[in-house]
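Please examine the sequence and the structure shown below. The explanation that follows moves from the chain as a whole to its core and then to its aromatic residues.

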Amino acid sequence: MIDAPPQQVFDVLADGWTYSDWVVGTAHVRDVDDEWPKVGSQLHHRAGPWPLSLQDASTVLLCEPPHRLVLRAGLWPAGEAIVTFTLDPVDGNPNATRVRIGEDFAAGPLRWVRTKLNDLVLHLRNRETLARLSDIATRREDQR
C-alpha cells in the first residue's frame, strides 16, 4: 500500500524519466518518447550492472490512467517480459493506493528459466521496486 491517491502514484508511472530511480535493475533511462505513456510509446533504457548492462526499450501496451499500465519490457538478448501495474484505491481511504506488479517473461531465454529461485528473486526485486515507487509518490505529495 502506498500512502497517496491512485492519480498521484500513476503520475510517477507516467514520468518515464523517473524509471531508473525506482525500477530495480534499470541503470539508466536514455530517452523517453514525448507521447509516454500512450499506447505504442517507448522508454529507452539500460538495465543491469556495468559493463554487462543491456540497452533496450519498454513499450506501452495498455494505458488506463490512473488504474493500469501494461508494458512490454525488452532486455534482449535475454528476452522480454510483460509487466502490469495495477493501482486500486484502498476502501475507506481515498489517499491510499494498493499497487500490484505482475511480471511474466514473454519471449527469449528468460521464458524458459522458470524456477522457484527465480520467482523468489523476482518477488524480492518487485517488493523493493514498490518501496521505491512509494518513496517517490509520497514525496510528490509533500511537495504540493
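Buried residues account for 40% of the 144 residues in the protein chain. The model is a predicted one. The protein chain exposes about 8,200 Å², and carbon and sulfur atoms supply 53% of that area.

The protein chain contains three helices and six strands. Read from the N terminus, these elements follow the order α-α-β-β-β-β-β-β-α. Among the contacts with a separation of 6 or more, 39% are made by residues 24 or more positions apart.

The next topic is the interior. The largest nonpolar core has 26 residues, and those that touch the most other members are V9, L13, Y19, W22, L69, F85 and L133. Two or more residues of this core come from each of helix 1 (6-13), helix 2 (19-22) and helix 3 (116-143), as well as from strand 1 (26-32), strand 4 (68-74), strand 5 (80-90) and strand 6 (93-107). What does L133 touch, not counting residues up to four places away in sequence? Its partners are I2, V9, V12, L13, W22 and V99.

The aromatic residues deserve separate attention. A pair of aromatic rings is described by two quantities, the distance of the centres and the angle of the planes. The count of aromatic pairs comes to three. In one of them, the ring centres of Y19 and W22 are 4.7 Å apart and the planes stand at 50°. Because rings with planes under 30 degrees apart count as stacked and those over 60 as edge-to-face, the pair of Y19 and W22 is classed as tilted. Both residues belong to helix 2, where Y19 and W22 are three residues apart, about one turn of the helix.

Are these two residues buried or exposed? Y19 has a relative accessible area of 5% and W22 one of 0%; buried means under 20%, so Y19 is buried and W22 is buried.

Y19 also pairs with W36: the ring centres are 5.7 Å apart and the planes are at 90°, so this pair is edge-to-face. The pair of Y19 and W36 links distant parts of the chain, 17 residues apart, with Y19 in helix 2 and W36 in the loop between strand 1 and strand 2 (42-47). W36 is likewise buried, at a relative accessible area of 7%.

Finally, Y19, W22, W36 and F85 form one aromatic cluster. Of this cluster, Y19, W22 and F85 are also among the residues that touch the most other members of the largest nonpolar core.

How values were computed:
Residues are numbered from 1 along each chain as its sequence is written. This is a predicted model: local features need pLDDT of at least 70, side-chain atom pairs count only at pLDDT 80 or more; totals for chains, interfaces and linings use all residues. Side-chain values use heavy atoms; hydrogens and water are left out. A nonpolar core is a set of buried Ala, Val, Leu, Ile, Met, Phe, Trp, Tyr and Cys residues joined through side-chain atoms within 4.5 Å. Buried means under 20% relative accessible area, exposed over 50%, partly exposed in between (1.4 Å probe, protein chains only). Helices (H or I, at least four residues) and strands (E, at least two) are DSSP runs, numbered from the N terminus. Contact means heavy atoms within 4.5 Å. Rings of Phe, Tyr and Trp (its six-membered ring) pair if their centres lie within 6.5 Å; planes under 30 degrees apart count as stacked, over 60 as edge-to-face and the rest as tilted. Accessible areas come from the Shrake-Rupley method with a 1.4 Å probe; for residues, only the protein chains shown count as cover.
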